[in-house]
Amino acid sequence: MNEGILNEYVFINNINNKKYKETNILVQELLKYIYPWIKEDDIIIAYKYGKYAKTDIVLSVRNIKKGLSIKMGDKNSVHLEKIDKFCKYIYKHKFKKIDKLKRYLYSDDTNNNTGKKRYSADDYKIKYPNDIEIINNELRKIKKILIKRFLVKVDINYKVGVDVFIYGTIDDFLWVTTNEVVNYLLEKEIKTSGINVGSLYIQN
């Protein structure tokens, strides 16, 4: 079990079946924001969510559920998805440069992963210098849709989406709401020579 998942279980063990007044001050501040009406003797239920869900932990107070996404460390990937599935999704949203995007993602001179040599991102930029800008311009048209998919997408099998993002450990963490994260990423456009959506990179 990796460190991130262990961290999630530490959160669960310190919250589950505890009264509000029994949790630490950071957790109380978070709970008070999520559940403004919470009382000192209210019991919080906390449990691990599905393996492929964006939500890591679900909290439930008086049967009202909220989702948490918990991160730690400095190498946080926020989304993994098969290339064909992702490309079918963005095609439905009028993305017009599927072949170029696939060629970037596979980086083997093909759009179907049949090439004999795979290029690094830097080599790709040298070989296809115009593709990056063309792809990024198209991705910007559906930026909000993609950011929500990458961060808070609710899979058909998982009904509880992400309400709050947490960074840190049970005794030392920061938190921010989903709306705050999405709005920040929509407003922030990084300058990069690679493929990006807001300040999120798409790796090949």
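Which residues does I44 touch, not counting residues up to four places away in sequence? In this predicted model, the answer takes in I15, N16, N17, K18, K19, Y20 and T23, together with L31, L59, S60 and V61. I44 itself belongs to strand β2, which spans residues 43-48. With a relative accessibility of 0%, I44 counts as buried, because buried means under 20% relative accessible area. One of its partners, I15, stands 29 residues away along the chain, yet the C-alpha atoms of I44 and I15 are separated by 6.6 Å.

A step back to the whole chain helps to place this residue. The protein chain holds 8 helices and 8 strands. Taken along the principal axes, its C-alpha atoms fill a box of roughly 60 × 35 × 30 Å. Of the 204 residues in the protein chain, 42% are buried. Among contacts with a separation of 6 or more, 58% are accounted for by residues 24 or more positions apart.

Some of the residues around I44 turn up again in the lining of a cavity. The structure contains 1 cavity of 30 Å³ or more, and about 30 Å³ of space lies in the largest cavity. The lining of the largest cavity is made by F11, I15, V27, L30, L31, L59, I166 and F173. Of these lining residues, I15, L31 and L59 are also touched by I44. Helix α1 (3-15) and helix α2 (25-34) each supply at least two residues of this lining. The largest share, 3 residues, comes from α2.

Helix α1 also carries E8. The relative accessible area of E8 is 6%, so this residue counts as buried under the 20% limit. Beyond residues up to four places away in sequence, E8 touches K48, D56, I57 and I70.

Attention now turns to the aromatic residues. The model has 6 aromatic pairs. One of them joins Y104 and Y124 in an edge-to-face arrangement, with 5.3 Å from centre to centre and 80° between the planes. This pair links distant parts of the chain: Y104 is in helix α4 (residues 98-106) and Y124 is in helix α5 (residues 121-127), 20 residues apart. Both Y104 and Y124 are buried. Ring pairs also bring in Y128, giving a cluster of Y104, Y124 and Y128.

Charged side chains meet aromatic rings as well. At Y128, a member of the ring cluster, the charged end of R103 sits over the ring, 3.9 Å from its centre. Another such arrangement involves R149, which lies over the face of Y89 at 3.7 Å from the ring centre.

Helix α4, home to Y104, also contains K102. Is K102 buried or exposed? Its relative accessibility is 17%, which means that K102 counts as buried, the cut-off being under 20%. The side chain of K102 makes a polar contact with the side chain of D84 at 3.3 Å. D84 is also among the residues that K102 touches when those up to four places away in sequence are not counted; the others are I83, C87, S107, T110 and N111.

A further set of links centres on D163. This residue is found in the loop between α7 (143-152) and β5 (164-169). D163 has a relative accessible area of 29%, and therefore counts as partly exposed, a class that lies between 20% and 50%. Leaving aside neighbours within four places in sequence, D163 is in contact with K66, G67, T177 and T178. For G67, the link includes the backbone nitrogen, which the side chain of D163 reaches at 2.8 Å. S69 offers another view of this region: S69 and D163 are 94 residues apart along the chain, while their C-alpha atoms are separated by 8.0 Å.

Note on methods. Residues are numbered from 1 along each chain as its sequence is written. This is a predicted model: local features need pLDDT of at least 70, side-chain atom pairs count only at pLDDT 80 or more; totals for chains, interfaces and linings use all residues. Side-chain values use heavy atoms; hydrogens and water are left out. Rings of Phe, Tyr and Trp (its six-membered ring) pair if their centres lie within 6.5 Å; planes under 30 degrees apart count as stacked, over 60 as edge-to-face and the rest as tilted. Helices (H or I, at least four residues) and strands (E, at least two) are DSSP runs, numbered from the N terminus. Buried means under 20% relative accessible area, exposed over 50%, partly exposed in between (1.4 Å probe, protein chains only). A charge sits over a ring if NZ of Lys or CZ of Arg is within 6 Å of the ring centre and within 35 degrees of the ring normal. Contact means heavy atoms within 4.5 Å. A polar contact is a pair of N or O atoms within 3.5 Å; within protein, one must be able to donate a hydrogen and the other to accept it, and residues adjacent in sequence count only if both atoms are side-chain atoms. On a 1 Å grid over the protein atoms alone, a cavity is a set of points where a 1.4 Å probe fits but cannot get out, and a pocket is an open set with protein on both sides within 12 Å along at least five of seven lines; lining residues have an atom within 4 Å of a point. Grid points are joined across faces, edges and corners, and a volume is the space filled by probe spheres set on the points.
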